[in-house]
Amino acid sequence: MTTGTGPLAGIRVVEIATFIAAPGGSHLLASQGAEVIKVEDMVVGDPLRMFGSSRNGMSGWFANINAGKRSLCMDIASEQGREVMADLLATADVFVQAYRPGVAERLGIGEADVRKRNPNIVYVSISGFGRDGPYSKRPAYDAVIQGWSGIAAVQGGDGEPQFVKSFIPDKVTSLTWTQAVCAALFARERTGRGEHVELSLLDSAVSFMWPDAMMEHVVLADDADHRPNLLADYRLLGCQDGYVAVMPLTDGHWKGLADAFDRPDLLTDPRFAEAGPRAAHFGEMIDTLGEIVADVARDDVVERLIAADVPVAPALRPDEIATDAQVQHSGVIREVDHPIVGPIRQHRPAALFAGGMPELRHAVERGTDTDQILSELGRTPDAIAELRATGIVK
């Protein structure tokens, strides 16, 4: 990875949020060069510090999602805290908050309040279900949205719904708002006007799932050619000592697979001989492939199909991913020495820029940069000491 300032150098982002949906997005912006200031409260801060494997009070989860950020710890509900927030947001290009609807306004940091001093800011509001509507005041976490968006039902097929064991709605939301922010910043360069970006976890998840997982609920005409959802039979194939993912979509793939396992009958079977019938009999095709590989070692299946240029992958276990040859070559996961957590594996964003990306600072303890940020906002050492003594900042 080439080191550089990143395409968002000079952009200041202020974040008031916890867990993943907002912090994950601002981490991505930091990796592309933006300066990110994370504002945390005086009591707990971001609870993500405490979730999962940790050392010295910081989890590996937090260390990844919050790398590249500065930390300001402050009571933003106090009069003095509101004054500091107003000054800080007056310097920001982007402000992202993930309160339930109405909370930011009660704290004096709603869009209208912030725009009085900073009319060109890109203001981002993230909520569980949206600004209004029957569910708008409800709390929402990733698991709740997996249920409401149909993600859990799709995983279970006709059986019991199941969670995807990754925080998909949170992470999709983080990618969605950061893309929208970059579009808003681009528009601001042309027009000089700021923007209010609003999105919910539910809308992000439903939009993400709709084109493929909900494909049989898209074409509504009675005379349409309705076919089964291919994903209903989408599954891994069990081998002698593991699992593989195989997807022979083209006729060339199918011939390569038949040759790799010495099964010429697959080329004459009317269900599978061409792509159209294979799609119509997708479940039977998967069953047949499962029978073929059941008594073959996982890596042998992969090697045979790679040699035949058939799309295939081993279903790697979590402990195999970081040491995979391609993952190591790309550097998407690297080992670093974190000053608090110690040796950790850390991911980098997938998109690389020819102009380089910044080397991110490590995630820091809550309030590490409080004094420096206050000084940048014009607070004198005596004023900072007073704020600290009265419990406004930490």
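This section describes the overall architecture, the nonpolar cores, one helix pair, the aromatic pairs and several individual loop residues of a predicted model.

The chain comprises 17 helices and 13 strands, and its C-alpha atoms occupy a box of roughly 85 × 50 × 40 Å along the principal axes. Of its 394 residues, 44% count as buried. Among the contacts in the chain with a separation of 6 or more, 69% are made by residues 24 or more positions apart. An individual separation across the model is given by Asp324 and Ala187, which are 137 residues apart along the chain and whose C-alpha atoms are separated by 41 Å. Asp324 itself is placed in the loop between helix 14 (318-321) and helix 15 (325-330), and its relative accessibility of 26% classes it as partly exposed.

In soluble globular proteins, nonpolar side chains tend to be buried together. In the present model the largest nonpolar core contains 29 residues, and those with the most contacts inside it are Val13, Val94, Val122, Val124, Ile126, Trp177 and Val181. Two or more residues are contributed to this core by each of helix 1 (21-31), strand 6 (94-97), strand 7 (122-127), helix 8, strand 8 (195-200) and helix 9, with helix 9 giving the most, five residues. Another core, of 26 residues, lies apart from the largest one and includes Val39, Ile109, Ile392 and Val393. Within the largest core, the surroundings of Val124 can be listed in detail: when neighbours within four places in sequence are left aside, Val124 is in contact with Val94, Phe95, Val96, Gln97, Trp177, Val181, Val197 and Leu199.

Helix 8 (residues 168-191) and helix 9 (residues 201-213) also meet one another, their axes coming within 9 Å and crossing at roughly 95 degrees, so that helix 8 is roughly perpendicular to helix 9. On the side of helix 8 the contact is formed by Ile168, Pro169, Asp170, Val172, Thr173 and Thr176, and on the side of helix 9 by Leu201, Ser204, Ala205 and Phe208. By residue type, the contact of helix 8 with helix 9 is made up of six nonpolar, three polar and one charged residue.

Aromatic rings were examined next. A pair of aromatic rings is described by the distance of the centres and the angle of the planes. A search of the whole structure finds nine aromatic pairs. In one of them, the ring centres of Phe19 and Phe51 are 5.5 Å apart and the planes stand at 80 degrees, so this pair is edge-to-face. The pair joins distant parts of the chain, with the two positions 32 residues apart in numbering: Phe19 belongs to the loop between strand 1 (12-16) and helix 1, and Phe51 to the loop between strand 2 (35-40) and strand 3 (54-55). Phe19, at 19% relative accessibility, counts as buried, whereas Phe51, at 39%, counts as partly exposed. Phe129 and Trp148 form a further edge-to-face pair, with 5.5 Å from centre to centre and 75 degrees between the planes. This pair likewise links distant parts of the chain, 19 residues apart, since Phe129 lies in the loop between strand 7 and helix 6 (142-148) and Trp148 lies in helix 6. Phe129 is buried at 9% relative accessibility, while Trp148, with a relative accessible area of 41%, is partly exposed. Ring pairs also connect Phe19, Phe51, Trp61, Tyr141 and Phe167 into a cluster.

Individual loop positions complete the description. Gln32, in the loop between helix 1 and strand 2, counts as buried at 13% relative accessibility. Apart from neighbours within four places in sequence, Gln32 is in contact with Thr5, Gly6, Pro7, Leu8, Ala9, Phe353 and Pro358.

Most residues other than glycine have a negative phi. Asn56 nevertheless has a phi near 55 degrees, a positive value in a residue other than glycine; Asn56 is found in the loop between strand 3 and strand 4 (58-59) and is exposed, with a relative accessible area of 54%. Asp309 also has a positive phi, of about 60 degrees, although it is not a glycine. Asp309 is located in the loop between helix 13 (298-307) and strand 11 (312-314), where its relative accessibility of 61% classes it as exposed.

Key. Residues numbered from 1 in each chain as written. Predicted model: local features only at pLDDT ≥ 70, side-chain atom pairs only at ≥ 80, totals over all residues. Heavy atoms only, no water. Axes fitted to C-alpha atoms, helices over the stretch in contact; angles between N-to-C directions. Helix = DSSP H or I, 4+ residues; strand = E, 2+ residues; numbered from the N terminus. Parallel < 35°, antiparallel > 145°, perpendicular 65-115°, else oblique. Contact = heavy atoms within 4.5 Å. Nonpolar A, V, L, I, M, F, W, Y, C, P; charged D, E, K, R; others polar. Core = buried A, V, L, I, M, F, W, Y, C linked by side-chain atoms within 4.5 Å. Buried < 20%, exposed > 50% of the residue type's maximum accessible area, 1.4 Å probe, protein only. Phe/Tyr/Trp six-rings, centres within 6.5 Å; stacked < 30°, edge-to-face > 60°.
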